[in-house]
Amino acid sequence: MIALEKVSLTVDELEAVRLKDLKGLDQEEAAVTMKVSQPTFHRILESAHHKIADGLVKGKAIRIEGGDYMIWKGERLFKCCDCQSRWKEPFGTARPVNCPKCKGTNIHRAAQDRGHVRASRKVGARLET
Ligand SMILES: [Zn+2]
């Protein structure tokens, strides 16, 4: 079996790239969003860019490893006010009109879940497969 060489990005590095390169935040905004100092953010981003470049140029697999930051989970949490059931819908889908349990229409977006989840080693492992 031939194992592909890997470069491992931490969740922090992935988040730095997402904020700076994908969302287009400036370094100051991105640092504030990640609750780190600007020099720290700069260091994380540099490291991420180096790893991504290494992976692209040398054809290595890029995987994500656990870090200590929140990552976007891509889910919205809804709550039914009739039967109190809660469920999740992925982003990009239409807002549900009926509760999947009682078919009631008295449903609300649950405010305490903003789609963020604490990143863990488990998340890294799942992204890798
Ligand atoms: Zn219900």
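Helices (H or I, at least four residues) and strands (E, at least two) are taken here as DSSP runs, numbered from the N terminus. This is a predicted model, in which local features need pLDDT of at least 70 and side-chain atom pairs count only at pLDDT 80 or more, while totals for chains, interfaces and linings use all residues. Residues are numbered from 1 along each chain as its sequence is written. On this basis the protein has 4 helices and 7 strands, and from the N terminus on its elements run β-α-α-α-β-β-β-β-β-β-α.

**Loop residues with positive phi**

- Lys35 is found in the loop between H2 and H3, and its phi is positive, at about 55°, although it is not a glycine.
- Lys103, found in the loop between S5 and S6, likewise is not a glycine and has a positive phi, of about 65°.
- Most residues other than glycine have a negative phi.
- A residue is called exposed if 12 or fewer other C-beta atoms lie within 10 Å of its own, buried if 20 or more do, and partly exposed in between, with C-beta atoms placed from the backbone.
- Lys35 is exposed, because 10 other C-beta atoms lie within 10 Å, and Lys103 also counts as exposed, with 11 C-beta neighbours inside 10 Å.
- Two glycines follow helices with a positive phi: Gly24, just after H1, at about 75°, and Gly59, just after H3, at about 65°.

**Burial and the nonpolar core**

- Of the 129 residues in the protein, 18% are buried.
- The largest nonpolar core (a set of buried Ala, Val, Leu, Ile, Met, Phe, Trp, Tyr and Cys residues joined through C-beta atoms within 7 Å) has 11 residues in all: Leu9, Val11, Leu14, Ala16, Leu19, Ala30, Ala31, Phe41, Ile44, Leu45 and Ala48.
- Two or more residues of this core come from each of helix H1 (11-22), helix H2 (27-33) and helix H3 (38-58).
- In soluble globular proteins, nonpolar side chains tend to be buried together.
- The buried residues of H1 are Val11, Asp12, Glu13, Leu14, Glu15, Ala16, Leu19 and Lys20.
- Two residues are in contact if their C-beta atoms, placed from the backbone, lie within 7 Å; leaving aside neighbours within four places in sequence, Ala16 is in contact with Ala30, Met34, Phe41, Ile44, Leu45 and Ala48.
- Among contacts in the protein between residues at least 6 apart in sequence, 61% join residues at least 24 apart.

**Helix H3**

- The 21 residues of H3 should span 30 Å (1.5 Å times one less than the number of residues), and the end C-alpha atoms of H3 are 30 Å apart, which agrees.
- Phe41, Ile44, Leu45 and Ala48 are buried in H3, and, seen down the helix axis, these buried residues fall within an arc of 95°, so they line one face of the helix.
- That arc is taken over the directions from the helix axis to the C-beta atoms.
- An α-helix has 3.6 residues a turn, so residues three or four places apart point the same way.
- What covers the buried residues of H3 includes strand S1 (6-10), H1 and H2, whereas on the other side of H3 the residues Pro39, Glu46, His50, Ala53, Val57 and Lys58 are exposed.

**The three-stranded sheet**

- An open sheet of 3 strands has the order S5-S4-S6 with antiparallel pairing, where two strands pair if DSSP finds at least two bridges between them.
- Strand S5 (86-90) and strand S6 (107-109) stand at the edges with a single partner strand each, so one side of each is left without a neighbour in the sheet.
- Neighbouring strands of this sheet are turned by 35° against each other on average, direction ignored, the axes being lines fitted to C-alpha atoms, for helices over the stretch in contact, and angles running from 0 to 180 degrees between N-to-C directions.
- Strand S4 (residues 75-80) is joined to S5 by 5 bridges in the antiparallel sense; Glu75 has Pro90 of S5 as its bridge partner, and Arg76 has Glu89 of S5.
- S4 and S5 form a hairpin with 5 residues between them, and Gln84 in the turn has a positive phi of about 65°.
- S4 also pairs with S6, again antiparallel, over 3 bridges, and Lys79 stands opposite His108 in S6.
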